[in-house]
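Q: Could you walk me through how the labels for this model follow from their cut-offs? I would like each value set beside its definition.

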Amino acid sequence: MKAKMTLAKEFKIGTIDKRIYGSFIEHLGRAVYGGIYEPDHKTADEDGFRTDVIQLVKELNVPIVRYPGGNFVSGYNWEDGVGPVENRPKRLDLAWGTTEPNYIGTNEFMKWCQKANTDCMMAVNLGTRGPEEARNLVEYTNHKSGSAWSDLRRSHGYENPWNIKLWCLGNEMDGAWQMGAKTAVEYGRVALEASKMMKWTDSSIETVLCGSSSRNSKTFGEWEAQSLDIAYDSIDYVSLHQYYGNHDGDTQSYLAQTLEMEEFIHTVLCVCDYIKAKKRSKKTINLSFDEWNVWYHSNNAPYERWSMAPPRLEDIYNFEDALLVASMLITLLRHCDRIKIACLAQLVNVIAPIFTEIGGGIFRQTIFYPFEHLSNFGRGVALNPIISCPKHDTKRFTDVPYLEGIATYDEENETMTVFVVNKSLDDSAVLDVNLMDFGGYKPIEFISMDGYDKNAVNGFDNSCVKPHKNAVPVMDGSIMTVQLKPFSWNVIRLKKNESLY
């Protein structure tokens with residue numbers, strides 16, 4: 001298969017907000033207890049946090065982590081998770097049918113964020129609670145001193161405010177499974193008042209309005225329009241959530257689902273811009289794709305109801321999952337002019353790139369690597385690559401390109417990176433990349449993941465699915481020729497060669 005890609009500095013999509021490489025920790029399964037927090041583990045620090053987990057989070061270079069949910073937050077009393085741990089109540093969590101001990105709460109999680117070099121995207125409960133409790137939490141975390149809630153924080157041993165800047169206004173409030181589910185109008189009113197009061201408490205924060213719980217929900221589209229019509233002037237982003245799976249074993253349709261993701265993003269943007277036009281506003285609402293991933297391997301796994309931190313949603317990802325995660329990240333970057341925040345859901349154990357054993361080891365799942373590559377090398381601006389390649393039809397989609405790619409350009413450091421997925425199960429590709437006006441840029445590293453069975457997985461004793469380095473591609477003038485193996489993830493890093501000038 002022969003293919004071409006053309007890149008030019010003028011093909012700029014937008015500046016990449018680093019928060020597009022965010023993730024998510026919810027009080028669900030072993031994400032918190034047995035994930036980030038395991039005080040008896042040999043790697044635990046003085047606060048009970050697993051330092052082996054922190055090390056891998058740093059490798060992923062995650063700039064922001066959404067917390068504490070998710071469905072969990074719609075029944076969460078944040079006051080249960082502050083103050084002396086021995087005085088904190090144990091609560092039945094109706095979202096996941098477990099018992100929450102509240103050993104980890106707001107302050108502990110913020111300490112973990114500092115250790116993991118990340119920021120917090122805090123969610124407030126707009127299900128069973130409302131604007132008053134939300135603005136109280138902002139005061140507790142962000143106000144310096146001299147008020148009831150800020151002084152309470154100081155009495156808990158945290159003199160300085162946390163200064164959390166990004167806040168989710170609830171979670172999936174259209175879902176019947178959600179505690180305190182609402183109609184679009186009901187939610188729009190609550191979100192407006194919560195955002196208003198939260199910003200009156202701290203004018204520096206940004207807020208995220210809940211969109212529909214997924215593209216497939218019955219409320220999709222109308223929910224965004226109605227809630228935005230009410231809350232538009234106070235909020236900053238609208239959220240999107242989407243998971244994909246390969247339930248029928250159709251790999252080609254599975255990997256083509258980014259076409260569906262493209263349509264989802266486009267539709268939500270159209271609704272946002274429709275409300276902008278309707279209101280004759282100068283304000284543009286951007287997107288927060290704050291739940292996305294592959295999720296289907298562990299949907300029906302049994303667990304003991306009302307137990308504490310039982311194993312739940314512990315997908316073990318295979319190689320084809322890694323290729324779809326890579327393609328989803330590429331899709332997000334193709335819309336980085338409007339998608340400013342995104343959260344891979346989740347970070348540890350629960351549908352996550354990092355997997356741990358209680359009292360034992362840790363390993364990087366297959367999906368760890370494309371996220372690591374894009375998060376570390378995909379900074380600066382995103383360039384729209386003009387790709388010419390063969391297409392194919394699947395059972396669910398037509399005209400699916402075999403190659404999916406993006407390029408990023410960091411002008412300050414004079415680097416660029418080309419990311420490409422070859423979705424063909426059988427055919428390699430000879431890709432000619434025309435660098436146009438990137439004179440002097442030469443490939444310095446070619447990383448790929450290829451040659452693996454689509455069902456290959458990693459584990460504690462065998463992490464065979466991982467990237468490897470190849471010989472750097474050859475250059476002929478402005479043309480870089482890259483050999484892409486079948487069914488592969490490819491990262492080509494380039495740097496300007498000053499010696500040529």
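Q: What makes the sheet with the order 16-1-21-25-24 an open one, and which are its edge strands?
A: In this predicted model, 5 strands form an open sheet in that order, with mixed pairing. The edge strands are strand 16 (386–388) and strand 24 (474–476), each pairing on one side only. Neighbouring strands here are turned by 20° against each other on average, direction ignored. Strands (E, at least two residues) and helices (H or I, at least four) are DSSP runs, numbered from the N terminus. Residues are numbered from 1 along each chain as its sequence is written. As the model is predicted, local features need pLDDT of at least 70 and side-chain atom pairs pLDDT 80 or more, while totals for chains, interfaces and linings use all residues, and side-chain values use heavy atoms, leaving out hydrogens and water.

Q: How do you know that strand 1 and strand 16 pair?
A: Two strands pair if DSSP finds at least two bridges between them. Strand 1 (residues 2–6) and strand 16 have 3 bridges, in the antiparallel sense, so they pair by that rule. One bridge joins Met5 to Ile387 in strand 16.

Q: Why are helix 8 and helix 9 called roughly parallel?
A: Helix 8 (residues 258–278) and helix 9 (residues 319–334) pack at an angle of about 30°, with axes 10 Å apart. Axes are lines fitted to C-alpha atoms over the stretch in contact, and angles run from 0 to 180 degrees between N-to-C directions. Angles under 35 degrees count as roughly parallel, so helix 8 and helix 9 earn that label. The contact residues divide into 5 nonpolar, 3 polar and 2 charged (nonpolar: Ala, Val, Leu, Ile, Met, Phe, Trp, Tyr, Cys and Pro; charged: Asp, Glu, Lys and Arg; polar: the others, Gly among them).

Q: What makes helix 3 and helix 5 roughly parallel?
A: Helix 3 (residues 131–142) and helix 5 (residues 184–201) pack at about 25°, their axes 8 Å apart. Helix 3 is therefore roughly parallel to helix 5. Their contact holds 7 nonpolar, 1 polar and 4 charged residues.

Q: Why is Leu425 called neither buried nor exposed?
A: Buried means under 20% relative accessible area and exposed over 50%, with partly exposed in between (1.4 Å probe, protein chains only). Leu425 has 39%, so it is partly exposed. Leu425 lies in the loop between strand 20 (415–422) and strand 21 (429–434).

Q: Which residues does Leu425 touch, not counting those up to four places away in sequence?
A: They are Thr251, Gln252, Pro486 and Phe487, where contact means heavy atoms within 4.5 Å.

How values were computed: Angles under 35 degrees count as roughly parallel, over 145 as roughly antiparallel, 65 to 115 as roughly perpendicular and the rest as oblique.
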